[in-house]
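Trainee: I should like to work through this model step by step. May I put my questions to you in turn?

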Amino acid sequence: MEEQKQKTAPTSGGSGGSKISLRPLQLSDVDDFMVWATDPEVARFCRWEPYTSRDDGLAYIAGTALPHPYFRAICLDGRPVGCLSVTRNEDRMEACRGELSYALGSGYWGRGIAAEAVRMAVAEVFGERPELERVEAIVYAENKASQRVLEKAGFTREGLLRKYVVIKGRTRDAFMFSRLSTD
Amino acid sequence: MEEQEQQSPRTSSGSGGSIISLRPLKLSDVDDFMAWAGDPDVAHFCRFEPYTSREAALAYIAGTVLPHPYFRAICVDGRPVGQVSVTRNKSPADACRGELGYALASGYWGRGIATEAARAAVAEAFSARPELERVEAIVDVENKPSQRVLEKAGFTREGLLRKYRVLKGRTRNVVVFSRLSTDVDS
């Protein structure tokens, strides 16, 4: 696995020699963004509905991705194929934890890309934020594939939170996973 | 045990025939409020530092308690001895859950009062909010008495969340409990 030294987050080899890397998502990435953001398969276990207009995509990138404390495109050989983010809590009591979210284009599932991207992002965000000790992720009980991503990325499953969140009109149970800076 | 019909929920319980009830906390309750909110034993596992001034307490009641979606004084024979609250989330995806918080003056511990108040508050919150399906509570891993309160109040322990929040300068493990609107006591 080839690793290049660069200022932005390191790259890593995925299957077939493809390089996975993380970089900030930009407005110019909107067409790549729309590939996964419009896909009902990707949105299925997410809180959002599939995007239907490029303008909505641009608004999301401008309004959410650009100002976000940690938002990255997951790139394969330099091309955005998904995204991930880790929240930051301003309150001093809550600043030790951040919540991870991610989405990956369905054409790229099953190749270990999400797990590798999550590993890289978690390492980067722990490196950047000394007050952060816990990255958590909340995954709906039916979303087995995403649970496997987190397990492969070294997260610990802590419990089942019953009727935790409403997704696509129904209240769902969700698993809480976490990875600590000391894990 | 006497039960009176009135608009706010009443429970009758507690040792020696005391009547436990919930009602909104008011500015005029500030001196009773200071009895628990100024007590370091009460504040030990709480998010707040003990209140040392009446002004700070009044500011809290005015700024946080009065506008709160659900905040009640726990009263014993009509006198406030503690507080209980359930948060409300505005976003539609999160409106199904609310977080329970409570504090009780230390002189009233060990009598089942917090348990009774938690039961009553949860029942009232579920009935007032149709979209609410889950009330959760997050308790420090070392706060065993509060874990017992929740177990006796019919909550289910769901897991240990590691290094979840900072309390008094240290990162803490917490236990998450929940009760659903559909839960029935066995």
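Trainee: What is the mean pLDDT of chain B?

Mentor: The model is a predicted one, and its confidence values should be read beforehand. In chain B, 91% of the residues reach a pLDDT of 70 or more. The mean pLDDT of chain B is 92.

Trainee: Over which residues of chain B is the pLDDT below 50?

Mentor: Where pLDDT is low, the predicted coordinates should not be read in detail. The stretch concerned in chain B has six contacts in the model beyond near neighbours in sequence. It covers residues 1-7 of chain B.

Trainee: What mean pLDDT does chain A have, and which of its residues fall below 50?

Mentor: Chain A averages a pLDDT of 92, and 91% of its residues score at least 70. The stretch of chain A with pLDDT below 50 has eight contacts beyond near neighbours in sequence. That stretch is residues 1-7 of chain A.

Trainee: What ipTM does the predictor give the complex?

Mentor: Two scores are given for the complex. The pTM is 0.89, and the ipTM is 0.89.

Trainee: How far apart are the end C-alpha atoms of helix H4 of chain A?

Mentor: Helix H4 of chain A comprises 16 residues, 113-128. At 1.5 Å a residue the helix should span 22 Å, which agrees with the model. The end C-alpha atoms are 22 Å apart.

Trainee: Which residues of H4(A) are buried?

Mentor: A residue counts as buried when its relative accessible area is under 20%. In H4(A), the buried residues include Ile113(A), Val118(A), Met120(A) and Glu124(A). Also among them are Val122(A), Val125(A) and Phe126(A).

Trainee: Which residue meets Glu128(A) in a salt bridge?

Mentor: The N to O distance of this pair is 3.9 Å. One partner lies in strand S3 of chain A and Glu128(A) lies in helix H4 of chain A, so the pair ties together parts that are 56 residues apart in sequence. Glu128(A) is partly exposed at 43% relative accessible area, whereas its partner is buried at 14%. That partner is Arg72(A).

Trainee: How many residues apart in sequence are the parts tied together by Glu142(A) and Arg170(A)?

Mentor: The side chains of Glu142(A) and Arg170(A) meet in a salt bridge, N to O 3.9 Å. Glu142(A) is partly exposed at 36% relative accessibility, and Arg170(A) is partly exposed at 48%. Glu142(A) lies in the loop between strand S6 and helix H5 of chain A and Arg170(A) in strand S8 of chain A, so the pair ties together parts whose separation in sequence is 28 residues.

Trainee: How many bridges join S7(A) to S8(A), and which residue of their hairpin takes a positive phi?

Mentor: S7(A) and S8(A) run antiparallel and are joined by eight bridges. In S8(A), the bridge partner of Thr156(A) is Ser178(A). The hairpin has two residues between the strands, and the residue with a positive phi near 50° is Lys168(A).

Trainee: In chain B, which residue stands opposite Leu161(B)?

Mentor: Strands S7 and S8 of chain B run antiparallel, with eight bridges between them. They form a hairpin with two residues between them, where Lys168(B) in the turn has a positive phi of about 50°. Opposite Leu161(B) in S8(B) stands Val174(B).

Trainee: What area is buried between chain B and chain A?

Mentor: The contact takes 28 residues from chain B and 27 residues from chain A. In chain B, Arg162(B), Lys163(B) and Tyr164(B) lose the most area to chain A, together 30% of what that side buries. Carbon and sulfur atoms give 46% of the buried area, which is about 2,300 Å².

Trainee: How many salt bridges does the rule find across the interface?

Mentor: One salt bridge links Arg162(B) with Asp183(A), the closest N and O atoms being 3.0 Å apart. Over all chains the count comes to 30 salt bridges. Across the interface of chain B and chain A, the rule finds eight.

Trainee: Which residue forms a salt bridge with Asp183(B)?

Mentor: Asp183(B) lies in the segment after S8 of chain B and its partner in strand S7 of chain A, so the pair joins two chains. Asp183(B) is buried at 18% relative accessible area, and the partner counts as buried at 16%. With the closest N and O atoms 3.0 Å apart, the partner is Arg162(A).

Key
Residues numbered from 1 in each chain as written. Chains lettered and ligands numbered in written order. Predicted model: local features only at pLDDT ≥ 70, side-chain atom pairs only at ≥ 80, totals over all residues. Heavy atoms only, no water. pLDDT = per-residue confidence, 0-100. Contact = heavy atoms within 4.5 Å. Helix = DSSP H or I, 4+ residues; strand = E, 2+ residues; numbered from the N terminus. Expected span 1.5 Å × (residues − 1). Buried < 20%, exposed > 50% of the residue type's maximum accessible area, 1.4 Å probe, protein only. Pairing = 2+ DSSP bridges. Buried area = accessible area lost by both parts, 1.4 Å probe. Salt bridge = Lys/Arg side-chain N within 4 Å of Asp/Glu carboxyl O.
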